[in-house]
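Q: I have a structure open here and would like to go through it with you. Could we start with the side chains and then turn to the fold?

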Amino acid sequence: MISDKETQILVEKMKHEMNDVVIDLRCDMTIPYIMEKIDQINQELSIEKGYEVIEFSKWRIKSPESIVKKLLRRNVEPTFENAMKCLNDIVGIRVVTFLYEDIYSVVDRIKQIEGIHIRKVKDFVKHPKPSGYRSVHVIVDLVLGEETIGMEIQIRSAAMNYWSVLQHMIFYKSEKSGANMEAIERELEKCSKDIAQIDKRMRKMHDLIDQM
């Protein structure tokens, strides 16, 4: 196990490598393209369904610290070249729908985006993680001209997103405080099941309103 000081040296090296103009150009080309396509998907589906389908979408580039820690956990030398080969989520995009059933409509449209090559789809909505985490992850390569970048697109409902953000906040705080998480993890799992039921009830209410 390496020391905090050694980890920080690796993080600084990663930060320097990530500032390379090549990765900047890749992101400058690909991220605006995919975000524009997601906006178009929202417009098309909203017209078809008669209501706003996507609440919001946003993107981020994984921090050098997160990349280094993830590669170290996998026993991979923490270089940016290895990160590009081994990690699917250096570029991450989150798409949040109002209703959970619309997750799959969005997934189907993402698969049709020009330049998208699907590597894998992980369905944590139908098969939640033990923690209770629910989302669909679409792992893709986006090819634009001579530029290719891998990215992970997460699609989830507003209720699922609320749970996920709360879980992240709790776990971040627990790392700082060293709190015992067993009871909290059990409660989070219960909350996830409750949220899944709320998602279904909201869908039913939406359908009832449509019939009025």
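Q: How many aromatic pairs does the structure hold?
A: This is a predicted model, and it holds one aromatic pair.

Q: What are the centre distance and plane angle for Phe124 and Tyr133?
A: The ring centres of Phe124 and Tyr133 are 6.0 Å apart, with the planes at 65 degrees. Planes over 60 degrees apart count as edge-to-face, so that is the class of this pair.

Q: Are Phe124 and Tyr133 buried or exposed?
A: Both Phe124 and Tyr133 are buried.

Q: Where does the charged end of Lys129 sit?
A: It sits over the ring of Phe124, 4.9 Å from the ring centre. The charged end of Lys129 also sits over the ring of Tyr133, at 5.1 Å from that centre.

Q: Now the sheet. What is the strand order?
A: The order is 1-2-5-4-3, in an open sheet of five strands with mixed pairing. At the edges are strand 1 (54–61) and strand 3 (116–123), each of which pairs on one side only. Neighbouring strands are turned against each other by 20 degrees on average, direction ignored.

Q: In which sense do strand 3 and strand 4 pair?
A: Strand 3 and strand 4 (residues 136–144) pair in the antiparallel sense, over seven bridges. As for individual residues, His117 stands opposite Asp141 in strand 4.

Q: Which strands does helix 5 touch?
A: Helix 5 (residues 102–111) packs on the sheet and touches strand 1, strand 2 (91–97), strand 3, strand 4 and strand 5 (147–157). The direction of helix 5 makes about 165 degrees with that of strand 5.

Q: And confidence: which element has the highest mean pLDDT, and which the lowest?
A: Helix 5 has the highest mean pLDDT among the elements, at 97, whereas helix 6 (residues 158–177) has the lowest, at 81. For the protein, the mean pLDDT is 87, and 90% of the residues reach 70 or more.

Q: One last topic, the backbone. What is phi of Asn75?
A: Phi of Asn75 is near 60 degrees, which is a positive value in a residue other than glycine.

Q: Where does Asn75 lie?
A: Asn75 lies in the loop between helix 3 (64–73) and helix 4 (80–86).

Q: Why is Asn75 classed as exposed?
A: Asn75 has a relative accessible area of 73%, so it counts as exposed; the cut-off for that class is over 50%.

Definitions and conventions. Residues are numbered from 1 along each chain as its sequence is written. This is a predicted model: local features need pLDDT of at least 70, side-chain atom pairs count only at pLDDT 80 or more; totals for chains, interfaces and linings use all residues. Side-chain values use heavy atoms; hydrogens and water are left out. Two strands pair if DSSP finds at least two bridges between them. Helices (H or I, at least four residues) and strands (E, at least two) are DSSP runs, numbered from the N terminus. Axes are lines fitted to C-alpha atoms, for helices over the stretch in contact, and angles run from 0 to 180 degrees between N-to-C directions. Contact means heavy atoms within 4.5 Å. Rings of Phe, Tyr and Trp (its six-membered ring) pair if their centres lie within 6.5 Å; planes under 30 degrees apart count as stacked, over 60 as edge-to-face and the rest as tilted. Buried means under 20% relative accessible area, exposed over 50%, partly exposed in between (1.4 Å probe, protein chains only). A charge sits over a ring if NZ of Lys or CZ of Arg is within 6 Å of the ring centre and within 35 degrees of the ring normal. pLDDT is the predictor's confidence in each residue, from 0 to 100.
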